[in-house]
Amino acid sequence: MKMYLISDNVDTLTGMRLAGVEGVVVHEKNELTDALNFVINSKDIGIVLLTEKFSKDYPDLVNKYKMESHIPLFIDIPDRHGTGRSENFITDYVNEAIGLKL
């Protein structure tokens, strides 16, 4: 099974291609939908890397594909600008999950 990248910028795609990962750059919601449908219908793609921007900008669309699909596995990755998460995102997540301040 192969990995496939759906990115919002050419730099991330170029870096992943150097590592042997094919992919596509999309900017509009309809392009993202087409790319997601492509990977869902492809039998040889096992892991889909999505830049974090898509989960932030189109959470309903991305979550629909993540929840309805067993294969491929969807993974959010930061782009060249770094992660969109706060510095303490793990601590904040644990605090929210268990209700205690660490």
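A residue counts as partly exposed when its relative accessible area lies between the limits for buried, under 20%, and exposed, over 50%; with a relative accessible area of 48%, K2 is therefore partly exposed. The legends below describe close-up views of a predicted model.

**View 1. The open sheet and the order of its strands.** Four strands form an open sheet in the order β2-β1-β3-β4, and the pairing is parallel. The edge strands are β2 (22–25) and β4, each of which pairs on one side only. On average, and with direction ignored, neighbouring strands of this sheet are turned by 20° against each other. Strands β1 and β2 pair in the parallel sense over 4 bridges, and within this pairing L5 stands opposite G23 in β2. In general, strands of a sheet pair through backbone hydrogen bonds, either parallel or antiparallel.

**View 2. Strand β3 between its two partners.** Strand β3, residues 45–51, is mostly covered, with 6 of its 7 residues buried. Towards strand β1 (residues 2–7), β3 pairs in the parallel sense over 5 bridges, and here the bridge partner of Y4 is V48 in β3. Towards strand β4 (residues 73–77), β3 is joined by 5 bridges, and these two strands run parallel; V48 stands opposite F74 in β4. V48 is thus a residue at which both pairings can be followed, since Y4 is its bridge partner in β1 and F74 stands opposite it in β4.

**View 3. Helices α1 and α2 against the sheet.** Helix α1 (residues 10–18) packs on the sheet, where it touches β1, β2, β3 and β4, and its direction makes about 175° with that of β2. Helix α2 lies across β1, β2, β3 and β4 and runs at about 175° to β1. F38 has its place in helix α2, and with a relative accessible area of 43% this residue is partly exposed. When residues up to four places away in sequence are not counted, F38 touches Y4 and I45.

**View 4. The buried and exposed sides of helix α4.** In helix α4 (residues 59–68), the residues L61, V62 and Y65 are buried. Seen down the axis of α4, its buried residues fall within an arc of 95°, so they line one face of the helix. On the other side of α4, D60, M67 and E68 are exposed. What covers the buried residues of α4 includes α2 (29–41), β3, α3 (52–57) and β4. As a general background to such an arrangement, an α-helix has 3.6 residues a turn, so residues three or four places apart point the same way.

**View 5. K2 and its surroundings.** K2 is found in strand β1, and its C-alpha atom is separated by 5.6 Å from that of G46, although the two residues are 44 residues apart along the chain. With residues up to four places away in sequence left out of the count, K2 touches D44, I45, G46 and I47. One of these contacts is also a salt bridge, for K2 forms such a pair with D44, the closest N and O atoms being 3.1 Å apart. The pair links distant parts of the chain, with K2 in strand β1 and D44 in the loop between α2 and β3, 42 residues apart. At 36% relative accessibility, D44 counts as partly exposed, as does K2 at 48%.

**View 6. Salt bridges at helix α3 and at strand β4.** The count of salt bridges comes to 4, and two of them are described in this view. K53 forms a salt bridge with D57, the closest N and O atoms being 2.6 Å apart; because they are 4 residues apart in helix α3, K53 and D57 are separated by about one helical turn. K53 is partly exposed, with a relative accessible area of 38%, and D57, at 35% relative accessibility, also counts as partly exposed. D76 forms a salt bridge with K66, the closest N and O atoms being 2.9 Å apart. D76 lies in strand β4 and K66 in helix α4, so the pair ties together parts that are 10 residues apart in sequence. At 23% relative accessibility D76 counts as partly exposed, and K66 counts as partly exposed at 24%.

Notes: Residues are numbered from 1 along each chain as its sequence is written. This is a predicted model: local features need pLDDT of at least 70, side-chain atom pairs count only at pLDDT 80 or more; totals for chains, interfaces and linings use all residues. Side-chain values use heavy atoms; hydrogens and water are left out. Buried means under 20% relative accessible area, exposed over 50%, partly exposed in between (1.4 Å probe, protein chains only). Two strands pair if DSSP finds at least two bridges between them. The arc is that of the directions from the helix axis to the C-beta atoms. Contact means heavy atoms within 4.5 Å. A salt bridge is a side-chain nitrogen of Lys or Arg within 4 Å of a carboxyl oxygen of Asp or Glu. Axes are lines fitted to C-alpha atoms, for helices over the stretch in contact, and angles run from 0 to 180 degrees between N-to-C directions.
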